[in-house]
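The paragraphs below lead a new reader through a structure step by step. Please keep the sequence and the 3D view at hand while reading.

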Amino acid sequence: MRSQFWGARLYALDKNASLVSTLEPFGKDMFSYGNGSAYPPDRSQAVYPSALTVEWSNPSLDNTTAFALRDISGTMKAVALADGQNVSHAAKYVNYALFGTPLEDIYGGNLERLRKIRAAIDPNDVMGLTGGWKF
Amino acid sequence: MLSVYYDAVPITEYSPAVFDAFVNQTKVSLSSELPHPGTDCECVLSSGERGFML
């Protein structure tokens with residue numbers, strides 16, 4: 001049964017592995033307060049961030065767990081779309097997004113402006129020496 | 001040492017279909033195989049299936 005695939009498989013590979021879903025049911029009017037911001041790029045509908053977390057102890061599973069998270073995320077998006085939810089271009093919450101996530105998937109239409117701000121404020125790209133998302 | 005990865009799943013409503021999918025995607029095993037059977041971590045999906053949430 002595919003729905004149990006990743007939980008069962010990761011647990012079989014690493015008894016310290018865990019998969020956690022964190023659902024965050026904020027108010028439907030959550031984006032009606034405040035002004036425009038880098039995230040979310042679209043404030044026309046409430047989008048709950050929802051975090052998937054995987055923990056494991058075997059370093060040889062690093063690529064497997066990342067693959068599993070991307071697979072689960074893709075499945076969840078497909079379920080939401082099939083449920084009639086308008087999430088085809090819904091932004092991923094920056095603090096939860098997995099490494100390698102395209103910046104467009106987080107900042108949407110704000111990305112170009114953010115790149116211009118980065119170039120103007122940090123022309124030597126000092127912040128590019130740190131971790132995190134690179135503009 | 002434990003390693004941790006996160007990913008974000010933008011959702012506009014935690015409908016029964018979405019909720020069950022979240023639980024199904026992340027549960028470890030059915031109740032007969034629970035690492036700690038009988039704990040309050042057991043759950044019952046709307047489909048009637050029993051599962052385990054970490």
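In this predicted model, 27 residues of chain B are in contact with 48 residues of chain A, where two residues are in contact if their C-beta atoms, placed from the backbone, lie within 7 Å. On the side of chain B that touches chain A, β1 and α1 (16-26) of chain B each supply at least two residues, and the largest share, eight residues, comes from α1(B). The residues of this side divide into 17 nonpolar, seven polar and three charged; here Ala, Val, Leu, Ile, Met, Phe, Trp, Tyr, Cys and Pro count as nonpolar, Asp, Glu, Lys and Arg as charged, and the others, Gly among them, as polar.

Residues are numbered from 1 along each chain as its sequence is written, while chains are lettered from A and ligands numbered from 1 in the order in which they are written. As the model is predicted, local features need pLDDT of at least 70 and side-chain atom pairs count only at pLDDT 80 or more, whereas totals for chains, interfaces and linings use all residues.

Chain A has four helices and two strands, and from the N terminus on its elements run α-β-β-α-α-α; helices (H or I, at least four residues) and strands (E, at least two) are DSSP runs, numbered from the N terminus. Of the 135 residues in chain A, buried residues make up 25%, a residue being buried if 20 or more other C-beta atoms lie within 10 Å of its own.

The two chains also share a sheet: three strands form an open sheet in the order β1(A)-β2(A)-β1(B), with antiparallel pairing, and two strands pair if DSSP finds at least two bridges between them. Because β1 (18-22) of chain A and β1 (3-8) of chain B stand at the edges, each with a single partner strand, one side of each is left without a neighbour in the sheet. From one strand to the next, the twist averages 15°.

Within chain A, five bridges join β1(A) to the antiparallel strand β2 (residues 51-56), and Ser21(A) stands opposite Leu52(A) in β2(A). Across the chains, β2(A) and β1(B) pair in the antiparallel sense over six bridges, with Glu55(A) opposite Val4(B) in β1(B).

Helix α2 (residues 62-82) of chain A lies across β2 of chain A together with β1 of chain B, running at about 160° to β2(A); axes are lines fitted to C-alpha atoms, for helices over the stretch in contact, and angles run from 0 to 180 degrees between N-to-C directions.

Notes:
A residue is buried if 20 or more other C-beta atoms lie within 10 Å of its own, exposed if 12 or fewer, and partly exposed in between; C-beta atoms are placed from the backbone.
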